[in-house]
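I opened my notebook for this one and jotted down each thing as I looked it up. Come along through the entries.

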Amino acid sequence: MKVLKSHQIDDLLKPLLRKGKAVALTGAGISAESGVPTFRGRGGLWEKYDPEIFANAQGLLSTFRLKPVEIVDFLTDLYSVLLKAKPNPAHFALAQMQNKGILDCVITQNIDDLDSLAGLDNVYELHGNAFRLRCQRCLRKINLNREKLAALIKEMKNCRNSKWKFLKLFSQFFPKCSCKDRFRIDIVLFGEMLEQDVLSKAYQAVKNCSSLFLIGTSGVVYPAAGLPFIAKQNGAKIIEINDNPSELSFISDYQILGKAARILPLLIKDL
Ligand code: NAD
């Protein structure tokens, strides 16, 4: 693995990019500079909430039954951050790469919707999207309206001491589908299966790419962390962009250590 300084990008990475067929695998780090802390990092959600409970369907359900106010706090904390977040230069650089025909797709582990806000349209969201609901039975999906969601979250925060009121708000947050079952947030919780169709498309993309950019991922969450191995087996070059070495550094051909929002715009400059 070769550790690159920013000034070596022109000589070593741009020729690779000009070949096209690049794919980006992104993790929480790409959105850190958009104000969404990595969950495991300082100020992250898991400092305050135990992921064994709050990232787990059974844990959420039993907390909802026993201490619903904790779910109110969790949802308001999560969405206060997500609603404020805006795409940063790293997301916009990927969108530019896609517009130039260099980047085939983005495979993201993020649930923050920042790729689509940046104008990217070929995005495989492995862990779902917090701005979408899916019916638990028929799997129909609906997008959440940001303005309505912000108003609902604000109302929920204000009535956290009135169980009756916030239970009413919950049923607005998670409405019933036409099949009579209830919608839930369309994200993949711990122990749940990834959507097979999305995962197959991601496998296909990494099999066919010439370069795979690993951006802001620690490489500890599977099956996402297995994708770089498939790309490598199929002859792709692996380029890691992360502010620290990760579990995937050892299979990377090139590594650039630094913030994604600073490095990615350098990749597309004069391309
Ligand atoms: P992770 O938190 O395990 O790792 C983040 C990685 O990004 C680390 O290696 C860290 O060193 C690096 N990093 C932090 N800031 C960076 C920056 N500015 N530039 C470049 N690199 C930076 O994230 P993961 O690998 O995506 O796994 C965490 C899981 O939690 C994922 O499944 C994801 O779904 C979820 N998550 C999502 C969001 C989001 O949607 N934005 C946020 C937190 C967690």
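**Helix α6 and its surroundings**

I began just past α6, where Gly101 has a positive phi of about 80°. A note to self before going on: this is a predicted model.

Next I went to the start of the helix. Asn88 caps the N-terminal end of α6, with a side-chain oxygen 2.7 Å from the backbone nitrogen of Ala90.

Which residues of α6 are buried? I looked through residues 89-99 and wrote down Ala90, His91, Ala93, Leu94, Ala95, Met97 and Gln98. I then checked what lies over them, and the cover includes helices α1, α7 (114-117) and α12 (260-268). Strands β2 (22-26), β3 (103-108) and β8 (211-215) also belong to that cover.

**A stop at α1**

Since α1 had turned up as part of the cover for α6, I picked a residue from it. Pro15 sits in this helix, which spans residues 9-18. I looked up its relative accessible area, and at 40% Pro15 is partly exposed. I also paired Pro15 with Leu271: they are 256 residues apart along the chain, yet 9.5 Å separates their C-alpha atoms.

**Two loop residues**

I moved on to Thr217, which lies in the loop between β8 and α11 (227-233). Is Thr217 buried or exposed? With a relative accessibility of 6%, under the 20% cut-off, Thr217 counts as buried. Its side chain makes a polar contact of 2.9 Å with that of Gln109. Leaving out residues up to four places away in sequence, I listed what Thr217 touches: Leu25, Gly27, Gln109, Glu240, Asn242, Ser246 and Leu248.

Ser246 was on that list, so I followed it, as Ser246 counts as buried too, at 16% relative accessibility. Ser246 is in the loop between β9 (237-242) and β10 (254-257). A polar atom of the Ser246 side chain lies 2.9 Å from the backbone nitrogen of Leu248. With residues up to four places away in sequence set aside, Ser246 touches Thr217, Ser218 and Glu240.

**Around the ligand**

Two names from the loop entries came back here. Of the 27 residues around the ligand, those that come nearest are Arg40, Gln109, Asp112, Ser218 and Asp243. I sorted the shell by type and got eight nonpolar, 14 polar and five charged residues.

Then I went through some distances to the ligand:

- Glu33 has a polar side-chain atom 2.7 Å from a ligand nitrogen.
- His127 places a polar side-chain atom 2.8 Å from a ligand oxygen.
- Ile111 uses its backbone, with an N or O atom 2.8 Å from an oxygen atom of the ligand.

How much of the ligand does the protein bury? Taken alone the ligand exposes 850 Å², and the protein buries 90% of that.

**The whole protein**

I finished with the overall numbers. I counted twelve helices and ten strands. The C-alpha atoms fill a box of roughly 65 × 35 × 30 Å along the principal axes. The radius of gyration is 20 Å, which agrees with the value near 18 Å for a compact globule of 271 residues.

Half the story is inside: 50% of the 271 residues count as buried. The accessible surface comes to about 13,500 Å², and carbon and sulfur atoms account for 52% of it. Among contacts with a separation of 6 or more, 67% are between residues 24 or more positions apart.

Methods:
Residues are numbered from 1 along each chain as its sequence is written. This is a predicted model: local features need pLDDT of at least 70, side-chain atom pairs count only at pLDDT 80 or more; totals for chains, interfaces and linings use all residues. Side-chain values use heavy atoms; hydrogens and water are left out. A residue is near a molecule or strand if one of its heavy atoms lies within 4 Å of it. A polar contact is a pair of N or O atoms within 3.5 Å; within protein, one must be able to donate a hydrogen and the other to accept it, and residues adjacent in sequence count only if both atoms are side-chain atoms. Accessible areas come from the Shrake-Rupley method with a 1.4 Å probe; for residues, only the protein chains shown count as cover. Ala, Val, Leu, Ile, Met, Phe, Trp, Tyr, Cys and Pro count as nonpolar, Asp, Glu, Lys and Arg as charged, and the others, Gly among them, as polar. Helices (H or I, at least four residues) and strands (E, at least two) are DSSP runs, numbered from the N terminus. The radius of gyration is taken over C-alpha atoms; the globule rule is 2.2 Å times the number of residues to the power 0.38. Buried means under 20% relative accessible area, exposed over 50%, partly exposed in between (1.4 Å probe, protein chains only). Contact means heavy atoms within 4.5 Å.
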